[in-house]
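Let's take a walk through a protein chain and see how its pieces fit together. Keep the picture open while you read, and look up each residue as it comes along.

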Amino acid sequence: MKKTSFKIISLLATLAIAMSFVTMFAACGHEHTFETGWTNDASNHWHAATCEHKDKVSDKAAHTLSDGVCTVCGYKAPHEHTFATAWTYDETNHWHAATCEHTTEVSGKAAHTLTDGACGVCDYKQEAKCKCEDACIICPECGGCIDTDCTNTECIKCGDGLKSNYFEAEEAELVDGTLKFNVSNKNIPESEEQVTYLQGVMGNTNGTITFKITSDKATTVTLRVRNGKNFVETVFTDNMMVTVNGDLIERESIVPAATPGGVHRKRDFDWTNLGCVNLVAGENTIVFIVSTMDDERCYNLDKIDVQAPAGTTLTWEPTDNTWREEI
């Protein structure tokens, strides 16, 4: 065989072998396909494979965020709410309000923990609100009704739910004048017990009697006085000046009228509510001063009552009763 023919045959054989390899590789080759939409996580976005090779991705890249949104795939970064440090509250709960645009979000919402009507967590203070539709006299401190004659069951009374601490008139301290007590021992209504009272405070204009009380904490209490009724209703503070630690009580407080056909006002007693007052921790002084005196308005004091929240300890400081004169 000629060399030329041999070379041609060799070349053809080589080509045949090469073609067989091309054909073999062509049969094994695969072109991946990918979704047109984006898949993403918190860091990147990519086109996921639509063929069987699910581990393949296309165009994987980190997000390019603008105002929390990726400009390529539309991914929105999670929003971290921010809240005010101060408390917001209503009559039931307190919470931290959102300072971000999601104003409906709150943090730390919980029911109030009340002590003496005040929440120990936020600044909420429980306030009674008078529901009486009549023209009641309202305590400016708590919003409750001071009118002791009010019978409306919807009306929240000033002092409701508080504990009474009574102080008898004979335990008062003389300041000026002559201290004179009377014991009512006749013409007493069947509903009344025998009453010891302080005659017209001292029976003199400008007469002054002081009551002393010690409290274990600063607190707000309701002050009532049990005094003789009058022939006509009048405002207690129009004729009797009352001070608590030097602060004058100026609000109206109606004295109940004498019982029609009843006994003389000196022995016909009822409560007059003076409303809420503040006590300091330690010694407190309550003073009654007769500013005017006449036959229609002669206040005979039987006792005073300081109505305090539960958990408050009050101690009266009675004085020597040797001045007491029983008639």
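## The big picture

The chain holds 2 helices and 24 strands. What you're looking at is a predicted model, so a word about confidence comes further down. Of the 327 residues in the chain, 36% are buried. If you take the contacts between residues at least 6 apart in sequence, 62% of them join residues at least 24 apart.

## How far to trust it

The average pLDDT for the chain is 76, and 69% of the residues score at least 70. Among the elements, strand 19 (residues 247-248) comes out highest with a mean of 94, while strand 13 (residues 181-184) is lowest with 46.

Two stretches deserve a cautious eye. Residues 177-194 stay under 50 in pLDDT, and the model gives them 47 contacts beyond four places in sequence. Residues 320-327 are also below 50, with 19 contacts in the model beyond near neighbours in sequence. Where pLDDT is low, the predicted coordinates should not be read in detail.

## A sheet made of strands 1, 2 and 3

Now for some strands. Strands of a sheet pair through backbone hydrogen bonds, either parallel or antiparallel. Here, 3 strands build an open sheet in the order 1-2-3, with antiparallel pairing. Which strands stand at the edges? Strand 1 and strand 3 (57-62) do: each has a single partner strand, so one side of each has no neighbour in the sheet.

Strand 2 (residues 44-48) pairs with strand 3 over 4 bridges, in the antiparallel sense. To see the pairing for yourself, find histidine 45, which stands opposite alanine 61 in strand 3.

## Threonine 33, out in a loop

Threonine 33 sits in the loop between helix 1 (3-28) and strand 1 (39-40). Is threonine 33 buried, partly exposed or exposed? With a relative accessible area of 38%, threonine 33 is partly exposed.

Not counting residues up to four places away in sequence, threonine 33 touches Ala48, Ala49, Thr50 and Cys51. With threonine 50 there is a polar contact between the two side chains, at 2.7 Å. Threonine 33 and serine 58 are 25 residues apart along the chain, and their C-alpha atoms are separated by 9.1 Å.

## A sheet made of strands 6, 7 and 8

Another open sheet of 3 strands has the order 6-7-8, and its pairing is antiparallel. Strand 6 (88-89) and strand 8 (106-111) are at the edges with a single partner strand each, so one side of each is left without a neighbour in the sheet.

Strand 7 (residues 93-97) and strand 8 run antiparallel and are joined by 4 bridges. One pair to look for is asparagine 93 with its bridge partner alanine 111 in strand 8. You can also spot lysine 109 lying over the face of tryptophan 95, at 5.6 Å from the ring centre.

## Rings meeting rings

Searching the whole structure turns up 5 aromatic pairs. In one of them, phenylalanine 211 and phenylalanine 288 have ring centres 5.6 Å apart and planes at 80°, so the pair is edge-to-face. Phenylalanine 211 belongs to strand 15 (residues 208-215) and phenylalanine 288 to strand 22 (residues 282-290), so this pair ties together parts that are 77 residues apart in sequence. Both of these phenylalanines are buried.

There's company, too: Phe167, Phe211, Phe288 and Trp316 form one aromatic cluster. Elsewhere on the ring theme, lysine 303 places its charged end over the ring of tyrosine 166, 5.1 Å from its centre.

## Two buried polar residues

Serine 215 is in strand 15 and counts as buried, at 4% relative accessibility. A polar atom of its side chain lies 2.6 Å from the backbone oxygen of lysine 217. Leaving aside neighbours within four places in sequence, the contacts of serine 215 include Leu279, Gly282, Asn284 and Thr312.

Asparagine 273 lies in strand 21 (residues 269-279). Asparagine 273 is buried, with a relative accessible area of 4%. Where does its side chain reach? The side chain of asparagine 273 comes to 2.8 Å from the backbone nitrogen of glycine 275. Beyond neighbours within four places in sequence, asparagine 273 is in contact with several residues, among them Cys145, Cys158, Thr222 and Ser253.

Terms used:
Residues are numbered from 1 along each chain as its sequence is written. Side-chain values use heavy atoms; hydrogens and water are left out. Two strands pair if DSSP finds at least two bridges between them. pLDDT is the predictor's confidence in each residue, from 0 to 100. Contact means heavy atoms within 4.5 Å. Rings of Phe, Tyr and Trp (its six-membered ring) pair if their centres lie within 6.5 Å; planes under 30 degrees apart count as stacked, over 60 as edge-to-face and the rest as tilted. Buried means under 20% relative accessible area, exposed over 50%, partly exposed in between (1.4 Å probe, protein chains only). A charge sits over a ring if NZ of Lys or CZ of Arg is within 6 Å of the ring centre and within 35 degrees of the ring normal. A polar contact is a pair of N or O atoms within 3.5 Å; within protein, one must be able to donate a hydrogen and the other to accept it, and residues adjacent in sequence count only if both atoms are side-chain atoms.
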